[in-house]
Amino acid sequence: MIVVFGSLNVDLVTPVERLPGAGETVIGPSYALHPGGKGANQALAARRAGAEVRLVGAVGTDAFADIALSLLAAEGVDLAEVARVEAPTGAAFIAVDADGANQIVVAAGANVEASATPLASLPLGEGDILLLQREVPEAECLKAARRMKQAGGRVILNLAPAGPPDPALLECLDMLVANEHEALVLAQSLGWGEREPDDIARRCDGELGIACIVTLGAEGVVGWHGGVRRRLAAPAINVVDTVAAGDSFTGAFAAALAAGYGFSGALQRGLAAGSLACTAAGAQPSIPRKDAIEALVG
Ligand code: ADP
Ligand code: NA
């Protein structure tokens, strides 16, 4: 079982000719409304990759809540521990310009109320994995992580969005997943001079005892685990948009670990899922399924 403790949002996506400057208004023709949030995206990615998944988080009592939950419910993610709270469902306001560059404002809303308390009464054990990101309160992530460690399971933190993690949370981690920018912010927050993803991942593994995976976009991924380095190139694909690439990587990586694959096998499956997400438009609709992931792994 994978437990994701994390965010649920709706994404409101508006195409604009150019992104607004400070104090400026630009007008787009319309907007699209999609389910999103890193917690929800990664829960869906792990589920589509074949895992049993439970999502713990919070939405509001507004109409956006049902949209945020729609694809998760359809795919069979266990949503019993998603609380309905007196705050608006989290929302990301996304403007995308003609070149595909974006500007994003996230209103955390109900995600601020996300509580790790339900984990205390979940039947957790050795085979289980807790998957965390950085869009719900870190103090609650720490509680969730301590609970999973106490149950004997593994804890994975996807360091997104970038920021210095609580040192107490670092102590609970088995694995860290970051993109290049997030890895650099981590290194700086630890006072490390390393700038290369490979060096940062090696030091994280060697000194902190946390296996570290840095995704490298079109270059693939590098990971260090137990003193061993793995470097995999991304498959050649036709990129439509890279939205949800990181979430697909992380969810499928965790699903492969939960299914019993070793570090290399899990990296291969995360990589395939991340790359497949780039071949289709949007976030949750582009998150791949197990059959497509296995076909690409070969
Ligand atoms: P994030 O979306 O979090 O910034 P990355 O850009 O590193 O993360 O992408 C995560 C994964 O998605 C990569 O490891 C790779 O598998 C896949 N990916 C991203 N961009 C490309 C690309 N241009 N070509 C092939 N695969 C890609
Ligand atoms: Na996509």
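These legends walk through close-up views of one predicted model.

**View 1. The shell around ligand 1.**
Start with the ligand and see who surrounds it. There are 18 residues around ligand 1, and the ones that come nearest are Thr215, Ala218, Ala245, Gly246 and Gly274. Two helices to look for here are H7 (245–258) and H8 (263–277), each of which supplies at least two residues of the shell. What classes of residue make up the shell around ligand 1? Count them up and you get ten nonpolar residues, eight polar ones and no charged ones.

**View 2. Helices H7 and H8 packed together.**
Now for those two helices themselves. The axes of H7 and H8 come within 7 Å and cross at roughly 150 degrees. An angle over 145 degrees counts as roughly antiparallel, so H7 is roughly antiparallel to H8. Their crossing is right-handed. On the H7 side, the contact includes Ala245, Gly246, Phe249 and Phe253, and on the H8 side it includes Leu267, Gly270, Leu271 and Gly274. By class, the contact of H7 with H8 has twelve nonpolar, six polar and one charged residues.

**View 3. Ala244 and its positive phi.**
Step back along the chain to Ala244, in the loop between strand S13 (228–232) and H7. Most residues other than glycine have a negative phi. Ala244 goes the other way, with a phi near 75 degrees. Is Ala244 buried or exposed? Ala244 is buried, because 28 other C-beta atoms lie within 10 Å and 20 or more is enough to count.

**View 4. Helices H1 and H7.**
H7 has another partner to show you, helix H1 (38–48). H1 and H7 pack at an angle of about 50 degrees, with their axes 7 Å apart. That angle makes H1 and H7 oblique to each other, and their crossing is right-handed. To find the contact, look for residues of H1 including Lys38, Gln42, Leu44 and Ala45, which sit against residues of H7 including Asp247, Gly251, Ala252 and Ala255. Sorted by class, the contact of H1 with H7 has six nonpolar, five polar and two charged residues.

**View 5. Helices H1 and H2.**
H1 also meets helix H2 (residues 63–75): the axes of H1 and H2 come within 10 Å and cross at roughly 15 degrees. Which way do H1 and H2 run relative to each other, roughly parallel or roughly antiparallel? Angles under 35 degrees count as roughly parallel, so H1 and H2 are roughly parallel to each other. The crossing of H1 and H2 is left-handed. The contact is made by Ala40, Ala43, Leu44, Arg47 and Arg48 of H1, together with Ala68, Leu71, Leu72 and Glu75 of H2. By class, the contact of H1 with H2 has six nonpolar, no polar and three charged residues.

**View 6. Ala49, in the loop after H1.**
Zoom in on Ala49, which has its place in the loop between helix H1 and strand S4 (53–59). Ala49 counts as buried because it has 29 C-beta neighbours inside 10 Å. Which residues is Ala49 in contact with, leaving aside neighbours within four places in sequence? Among them are Gly251, Ala252, Arg269, Ala273, Lys290 and Ile293. Check Gly270 too: Ala49 and Gly270 are 221 residues apart along the chain, yet their C-alpha atoms are separated by 9.4 Å.

**View 7. Leu55 in strand S4.**
Strand S4 holds Leu55. With 28 C-beta neighbours inside 10 Å, Leu55 counts as buried. Leaving aside neighbours within four places in sequence, Leu55 is in contact with residues including Val4, Ala40, Ala43, Leu72 and Val82. Measure up Ile2 as well: Leu55 and Ile2 are 53 residues apart in sequence and 8.5 Å apart in space, C-alpha to C-alpha.

**View 8. Ala272 in helix H8.**
Back in H8, find Ala272. Ala272 counts as buried, with 27 C-beta neighbours inside 10 Å. Not counting residues up to four places away in sequence, Ala272 touches Pro235, Ile293, Leu296 and Val297.

**View 9. A cis peptide bond before Pro161.**
Most peptide bonds are trans. Here a cis peptide bond joins Ala160 and Pro161, with omega about -5 degrees. To find the spot, go to the loop between strand S9 (154–158) and helix H4 (167–170), where Pro161 lies.

Conventions:
Residues numbered from 1 in each chain as written. Chains lettered and ligands numbered in written order. Predicted model: local features only at pLDDT ≥ 70, side-chain atom pairs only at ≥ 80, totals over all residues. Near = placed C-beta within 6 Å. Helix = DSSP H or I, 4+ residues; strand = E, 2+ residues; numbered from the N terminus. Nonpolar A, V, L, I, M, F, W, Y, C, P; charged D, E, K, R; others polar. Buried ≥ 20, exposed ≤ 12 C-beta atoms within 10 Å, placed from the backbone. Contact = placed C-beta atoms within 7 Å. Axes fitted to C-alpha atoms, helices over the stretch in contact; angles between N-to-C directions. Parallel < 35°, antiparallel > 145°, perpendicular 65-115°, else oblique. Left-handed = near helix turned anticlockwise from the far one by under 90°.
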